[in-house]
Amino acid sequence: MGMVKLLSALLLLHSCFIFPLSGATLTVLVIETGIREPRPVQEFSGLWENTLMDVFFDAGHIVSNAPIMQIDTKPEGEFPDAAQGAFKEAIAGGSDFLILALVDYQGTAEAAPPLSTLKVFRLSPYRCVAEQQYPKTLSRFPAEEVLELKKAARTLLAHLRG
């Protein structure tokens with residue numbers, strides 16, 4: 001009986017080395033742009049944040065988030081200067097990737113913005129590994145809207161490899 005336990009333990013240990021865990025550590029940052037005056041976080045921005053975190057967590061990654069930010073205009077360049085603090089915190093926290101969602105309201109008061117951009121940044125060595133734009137996904141049914149956002153988030157999963 002002792003030999004069976006020993007063989008079982010060795011087989012279990014061996015399988016851990018054959019099938020390594022491969023989850024990355026991610027930080028999700030949502031930035032609202034195009035809002036004329038400071039106001040509470042928009043519902044659609046919160047939906048982006050929650051959906052991104054859900055999709056990456058369900059895929060086996062360790063996910064954290066930075067507070068949703070608001071800046072006046074859509075940033076020029078690869079990474080917004082206003083988000084440098086969140087970027088440094090992600091690095092200090094040991095994140096492998098930073099997922100940036102730019103939710104551009106373009107001065108509209110609509111529930112959903114006309115355009116959203118998702119970017120995936122590898123933090124060490126630093127580089128943007130993916131960027132995709134998504135038009136407004138408003139649906140008459142909130143469940144359909146969430147499914148569209150999840151589909152958009154899942155397209156980024158392939159970019160989280162080495």
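Visitor: What makes the link between the side chains of Ser116 and Trp48 a polar contact?
Guide: The side chain of Ser116 comes to 3.2 Å from the side chain of Trp48. The cut-off for a polar contact is a pair of N or O atoms within 3.5 Å, so 3.2 Å qualifies. Keep in mind that this is a predicted model.

Visitor: And where is Ser116?
Guide: Ser116 is in strand S5, which covers residues 115-123.

Visitor: Why does Ser116 count as buried?
Guide: Its relative accessibility is 4%. Buried means under 20%, so Ser116 fits.

Visitor: Which residues does Ser116 touch?
Guide: Leaving out residues up to four places away in sequence, Ser116 touches Phe44, Trp48, Leu102, Val103, Gln132, Gln133 and Tyr134.

Visitor: How many aromatic pairs does a search of the whole structure find?
Guide: Five aromatic pairs turn up.

Visitor: Why is the pair of Trp48 and Tyr134 called tilted?
Guide: The ring centres are 6.0 Å apart, and the planes stand at 50 degrees. Centres within 6.5 Å make a pair, and 50 degrees is neither under 30 (stacked) nor over 60 (edge-to-face), so tilted is the word left. Trp48 sits in helix H2 (residues 43-58) and Tyr134 in strand S6 (residues 126-135), 86 residues apart, and the pair links these distant parts of the chain. Both Trp48 and Tyr134 are buried, too.

Visitor: What makes Phe87 and Tyr126 an edge-to-face pair, then?
Guide: Here the centres are 5.4 Å apart and the planes are at 85 degrees. That angle is over 60, so the pair is edge-to-face. Phe87 belongs to helix H3 (residues 84-92) and Tyr126 to strand S6, so the pair ties together parts 39 residues apart in sequence. Ring pairs also link Phe79, Phe87, Phe121 and Tyr126 into a cluster.

Visitor: How do you know that Phe87 is buried?
Guide: Phe87 has a relative accessible area of 12%. The limit is under 20%, so Phe87 is buried.

Visitor: And why is Tyr126 called partly exposed?
Guide: Tyr126 has 38% relative accessibility. Partly exposed lies between buried (under 20%) and exposed (over 50%), so 38% lands in that middle band.

Visitor: Which residues have the most contacts inside the largest nonpolar core?
Guide: Trp48, Leu52 and Ile99 do, in a core of 26 residues. The elements giving two or more residues to this core are strand S1 (25-33), H2, strand S4 (97-104), S5, S6 and helix H4 (142-154). H2 gives the most, with six residues. There is also a second, separate core of 15 residues, and Leu29, Phe87, Leu98 and Leu100 are among them.

Visitor: How do you know that the span of H2 agrees with 1.5 Å a residue?
Guide: H2 has 16 residues, which should span 22 Å. The end C-alpha atoms of H2 are 22 Å apart, so expectation and model agree. After H2 comes Gly60, whose phi is positive, near 100 degrees.

Visitor: Why is Lys150 called partly exposed?
Guide: Lys150 has a relative accessible area of 22%. Buried would need under 20% and exposed over 50%, so Lys150 is in between. Lys150 is in helix H4, and it touches Thr51 and Val55, not counting residues up to four places away in sequence.

Visitor: What makes Leu160 buried?
Guide: Leu160 has a relative accessible area of 6%. That is under 20%, so buried is the right label. Leu160 is found in the segment after H4. Its C-alpha atom is separated by 7.3 Å from that of Ala24, although the two are 136 residues apart along the chain. Among the residues Leu160 touches are Leu26, Phe56 and Ile99.

Visitor: Where is confidence lowest, and where highest?
Guide: Confidence is lowest in helix H1 (residues 2-18), with a mean of 63, and highest in strand S2 (residues 62-65), at 94. The protein averages a pLDDT of 81, and 78% of the residues score at least 70. Where pLDDT is low, the predicted coordinates should not be read in detail.

Visitor: How many helices and strands are there in the protein?
Guide: The protein has four helices and six strands. Along the sequence they follow the pattern α-β-α-β-β-α-β-β-β-α. Of its 162 residues, 40% count as buried.

Methods: Residues numbered from 1 in each chain as written. Predicted model: local features only at pLDDT ≥ 70, side-chain atom pairs only at ≥ 80, totals over all residues. Heavy atoms only, no water. Buried < 20%, exposed > 50% of the residue type's maximum accessible area, 1.4 Å probe, protein only. Polar contact = N/O pair within 3.5 Å; in protein donor to acceptor, adjacent residues only side chain to side chain. Contact = heavy atoms within 4.5 Å. Core = buried A, V, L, I, M, F, W, Y, C linked by side-chain atoms within 4.5 Å. pLDDT = per-residue confidence, 0-100. Expected span 1.5 Å × (residues − 1).
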